[in-house]
Each structure stands twice: as structure tokens, then as C-alpha cells.
Amino acid sequence: MPPLRRFLEVVHMTAAGLWLGVAVGTGAAAAILFPTLKELGPTLATYPDYTGEHWRLAAGHIAARLFAFSDVVGFFCLMLAGLSLCIIAATRQVWIQTPRITLARLSSLGLAILASGYNIFILAPRMNGNLNDYWTAAAAGDNEAALAAQQAFMADHTPASNTMAAIAIAALALTMTGAMALTAKPRAAAAPKPSRLETPALASKK
């Protein structure tokens with residue numbers, strides 16, 4: 001394997017693996033955080049006039065920072081993994097040696113771009129807007145407005161969970177297909193086809 005290809009593969013695998021770890025870790029942290037705070041039932045002094053569930057406010061503030069961190073790390077990991085893979089796929093060698101794996105790698109990258117793009121440009125801004133409205137209304141003691149903003153935020157909870165799952169699957173696919181490319185046995189070069197022309201009479205004589 002050429003040195004440049006080896007370097008690009010290291011960059012790609014590192015970025016994809018880090019992205020996968022952060023995505024899975026963030027989801028696991030949120031799954032632990034919300035039930036724990038619900039069980040503790042805290043009361044927040046910052047929201048003295050809010051009569052709703054304060055554990056949601058507390059968990060939401062922590063989870064928002066976790067997901068923001070995950071989105072930033074995921075964006076840069078996607079850029080590194082995508083750029084390195086595109087350079088690798090631009091070489092003729094990989095299409096000769098491992099064409100199916102290369103196609104699978106690019107398909108995984110496409111899924112990653114779609115899921116991350118939807119999250120970064122559509123879902124996250126809308127959810128953050130509703131979340132900030134929820135916090136602002138709760139701090140002001142406007143319980144009705146806080147409830148409306150909370151419900152608007154929760155309406156995106158299932159799409160957000162599905163998007164997180166898609167991102168984790170895409171990062172896993174990038175990691176697995178990258179490992180497959182590194183360990184796959186290159187396709188053997190096709191043997192030359194025998195000539196259909198008859199051997200000249202002079203050449204056949206001893």
C-alpha cells in the first residue's frame with residue numbers, strides 16, 4: 001500500500017472510530033441522565049415560579065451541552081472521514097482491487113452526510129429554538145408558554161432518536177467498511193485471453 005494511501009486510511013479510520021464512539025457515548029449518557037434526574041426529583045432555584053417538572057429542565061440543560069459537543073465532534077469527524085475517503089476513492093487502484101468494498105464505503109458516507117445534514121441544518125436548530133423558548137418561559141414563570149414550547153420540542157424527540165441511530169449506524173458502517181478495505185485480499189488481475197489467431201505455419205515448425 002502506498003504511503004499516502006496508508007496515511008489517508010489512518011485518518012479515515014481514526015475519524016470514523018472517534019465519531020462512532022462519541023455518538024454512542026452521547027446516546028448512552030442521555031439514556032442514563034434523564035431517568036436518574038427524574039428519580040431524584042430536583043427543584044431548581046433558577047425557576048422558582050415554574051410549576052412543571054424541574055428534572056426535565058435540569059436534564060435538558062446537561063443534555064443540550066452533551067449533544068452540542070457531539071454535533072461539533074461529529075461534524076469535524078465527518079469532514080475528515082469524508083475527505084480522506086473521497087481522495088482514496090479517486091484513485092484507480094481501489095476500484096480495481098476492492099470495487100465492492102469501495103462502493104459500500106461511499107454508500108456509508110452518503111448515509112452519514114444525509115443524516116448529519118438533516119440533524120445540523122434542520123432538526124437541531126428547530127429543537128434548540130423550542131428548547132430555549134421552554135427555558136425562557138419557565139424562568140419567567142409563564143407555565144402555559146413553557147408547556148407549549150416543551151410539547152413542540154418533544155414532538156421532535158422520535159425523529160431525533162432516529163437521526164441519532166442513523167448517524168451511529170453510518171459511523172459504524174464507515175468504520176467496518178474501512179477495516180474490510182484494509183484486510184481484504186485484492187482482486188487478482190485477469191489472466192490474458194488466449195489469442196484466437198492461428199499460429200503461423202513457419203512459427204510452428206521446429
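**D156 and its partner**

I began with D156 and found it buried, at a relative accessible area of 8%, where buried means under 20%, exposed over 50% and partly exposed in between (1.4 Å probe, protein chains only). I note that this is a predicted model, in which local features need pLDDT of at least 70 and side-chain atom pairs count only at pLDDT 80 or more, while totals for chains, interfaces and linings use all residues. Residues are numbered from 1 along each chain as its sequence is written, and side-chain values use heavy atoms, with hydrogens and water left out.

Which residue forms a salt bridge with D156? I found R126, with the closest N and O atoms 2.9 Å apart; the term asks for a side-chain nitrogen of Lys or Arg within 4 Å of a carboxyl oxygen of Asp or Glu. R126 lies in helix α4 and D156 in the loop between α5 (143-154) and α6 (157-183), so the pair ties together parts that are 30 residues apart in sequence. I read helices (H or I, at least four residues) and strands (E, at least two) as DSSP runs numbered from the N terminus. Unlike buried D156, R126 counts as partly exposed, at 38% relative accessibility.

**The other salt bridges I followed**

I counted four salt bridges by this rule, and I then turned to those around E9. The side chains of E9 and R5 meet in a salt bridge at 2.8 Å, N to O, and these two residues are separated by about one helical turn, because they stand four residues apart in helix α1 (residues 3-40). E9 also forms a salt bridge with R105, where the closest N and O atoms are 2.9 Å apart. Since E9 lies in helix α1 and R105 in helix α4, this pair ties together parts that are 96 residues apart in sequence. I therefore noted R5, E9 and R105 as linked in a network of salt bridges.

Are the members of this network buried or exposed? R5 and E9 are both buried, with E9 at 2% relative accessibility, and R105 is likewise buried, with a relative accessible area of 2%.

**Cysteines**

I looked for disulfides (a pair of cysteine sulfur atoms within 2.5 Å) and found zero in the structure. C77 is buried at 5% relative accessible area, whereas C86 counts as partly exposed at 43%. Leaving aside its neighbours within four places in sequence, C77 is in contact (heavy atoms within 4.5 Å) with A15, L18 and W19.

**Nonpolar cores**

C77 led me to the largest nonpolar core, the term standing for a set of buried Ala, Val, Leu, Ile, Met, Phe, Trp, Tyr and Cys residues joined through side-chain atoms within 4.5 Å. This core has 17 residues, and those that touch the most other members are W19, C77, L78, L109, A112 and L174. Helices α1, α2 (54-89), α4 and α6 each supply at least two residues of this core. I also recorded a second, separate core of 14 residues, which includes Y47, A146, A149 and A160.

**N119**

I placed N119 in helix α4 (residues 99-140), where it counts as buried at 13% relative accessibility. Not counting residues up to four places away in sequence, N119 touches D71, A124, P125, T163 and I167.

**A nonpolar patch on the surface**

Which residues form the nonpolar patch on the surface? I listed V72, F75, F76, M79, Y118, I120, F121 and I122, which together have about 760 Å² of accessible area. Patch members have over 30% relative accessible area and no salt bridge, with like charges joined within 9 Å and nonpolar side chains (Val, Leu, Ile, Met, Phe, Trp, Tyr) within 5 Å. Helices α2 and α4 each supply at least two residues of this patch. I checked F76 separately and found it in helix α2, exposed, with a relative accessible area of 51%.

**The chain as a whole**

I closed with the totals for the protein chain, which has seven helices and zero strands, its elements running α-α-α-α-α-α-α from the N terminus on. Buried residues make up 34% of its 206 residues. Among contacts with a separation of 6 or more, residues 24 or more positions apart account for 77%. The chain exposes about 12,700 Å², of which carbon and sulfur atoms supply 68%; accessible areas come from the Shrake-Rupley method with a 1.4 Å probe, and for residues only the protein chains shown count as cover.
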